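User: Please examine one part of this model closely and then set it in its surroundings. Which residues line the second largest pocket?

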Amino acid sequence: MFRINPASGKAIYEQIMEQVKEAAWKGYLKPGDGLPSVRKLALQLSVTPNTVAKAYQLLEKEKVIITIRGKGAFLAENASQEVDKGKMQEIKTSLKEILSELRYEGYDEEKIANLIHEIYQDLEG
C-alpha cells in the first residue's frame, strides 16, 4: 500500500503521512481500519522504525489516526472531515507561493483552474 520515493525531495516520514491521507481520501482506508505496525511498515519500506513512528505521531497529532496501546494505529473516525487551522494556514501559504510562480510563468486564472482540475482528476484516478 505504501511506497517511498528516495529521489523525492520530501522526507520519508512526510511521504508516509501523505500516503496515509491519500488512502483515506480515496477510500482505500476507512475509519477504524488498522494501519501496519510501526515495525512491519518499517521493514516493508526498508526504513527505520523511528521514521514510521514519527509519521504516526504526527498523523495522530493531526487527528488523522488514533493509536491504542497494545492494539495498534487506526484511521480516525473524522480523518477526512477536519483540517487543523495551523495546517490550513500552511497549505494556503504553499498555494500562494505556487500560484505566484504560475502567474510569473504566464498562467492566467483559467489556465490555473484547468491545471488544478487536471491534477485533481489524476488524484481521483
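Analyst: Helices (H or I, at least four residues) and strands (E, at least two) are DSSP runs, numbered from the N terminus. The coordinates are a predicted model, in which local features need pLDDT (the predictor's confidence in each residue, from 0 to 100) of at least 70 and side-chain atom pairs need 80 or more, while totals for chains, interfaces and linings use all residues. Residues are numbered from 1 along each chain as its sequence is written, and side-chain values use heavy atoms, without hydrogens and water.

The second largest pocket is lined by Leu 35, Pro 36, Ser 37, Val 38, Ala 53, Tyr 56, Gln 57, Thr 67, Gly 72 and Ala 73. (A pocket is an open set of points, on a 1 Å grid over the protein atoms alone, where a 1.4 Å probe fits, with protein on both sides within 12 Å along at least five of seven lines; lining residues have an atom within 4 Å of a point.) The volume of this pocket is about 160 Å³, a volume being the space filled by probe spheres set on the points.

Two elements each supply at least two residues of the lining, namely H3 and strand S2, which spans 72-75. Of these, H3 gives the most, with three residues. The helix covers residues 49-61, and the lining includes Ala 53, Tyr 56 and Gln 57 from that span. On the strand side, Gly 72 and Ala 73 belong to the 72-75 span of S2. Thr 67, also in the lining, has its number within strand S1 (65-68). Val 38 likewise has its number within helix H2 (38-45).

How confident is the prediction in the helix that gives the most to this lining? For H3 the mean is 96, the highest in the protein. At the other end stands helix H4 (residues 85-104), where the mean of 87 is the lowest. The protein averages a pLDDT of 89, and 94% of its residues score at least 70. Ile 98 belongs to H4; with a relative accessible area of 48%, Ile 98 is partly exposed. (Buried means under 20% relative accessible area, exposed over 50%, and partly exposed in between, with a 1.4 Å probe and protein chains only.)

The two loops on either side of H3 each deserve attention for their backbone geometry. Ser 46 lies in the loop between H2 and H3, where its phi is positive, about 55°, although the residue is not a glycine. This serine counts as exposed because its relative accessibility is 68%. Lys 63 occupies the loop between H3 and S1, and there, too, a residue that is not a glycine has a positive phi, in this case about 65°. Lys 63 counts as exposed at 52% relative accessibility.

The loop between H3 and S1 also contributes to a salt bridge (a side-chain nitrogen of Lys or Arg within 4 Å of a carboxyl oxygen of Asp or Glu). The side chains of Glu 62 and Lys 21 meet at 2.6 Å, N to O. Since Glu 62 lies in that loop and Lys 21 in helix H1 (residues 12-25), the pair ties together parts that are 41 residues apart in sequence. Both partners are partly exposed: Glu 62 has a relative accessibility of 26%, and Lys 21 has a relative accessible area of 29%.

The structure holds three salt bridges. One of them joins Glu 18 and Lys 10 at 2.3 Å, N to O; Glu 18 is partly exposed at 38%, and Lys 10 counts as partly exposed at 40%. Another links Lys 26 with Glu 22, whose closest N and O atoms are 2.9 Å apart. Here Lys 26 is partly exposed, with a relative accessible area of 25%, and Glu 22 is partly exposed as well, at 31%.

For the wider setting, the secondary structure comes to five helices and two strands, and along the sequence these follow the pattern α-α-α-β-β-α-α. The C-alpha atoms fill a box of roughly 55 × 30 × 30 Å along the principal axes. Of the 125 residues in the protein, 22% are buried. Leu 43, found in helix H2, is exposed because its relative accessible area is 72%. The C-alpha atom of Leu 43 is separated by 45 Å from that of Glu 109, which is 66 residues away along the chain.

In summary, the pocket of about 160 Å³ draws the most lining residues from H3, the helix with the highest mean confidence in the protein.
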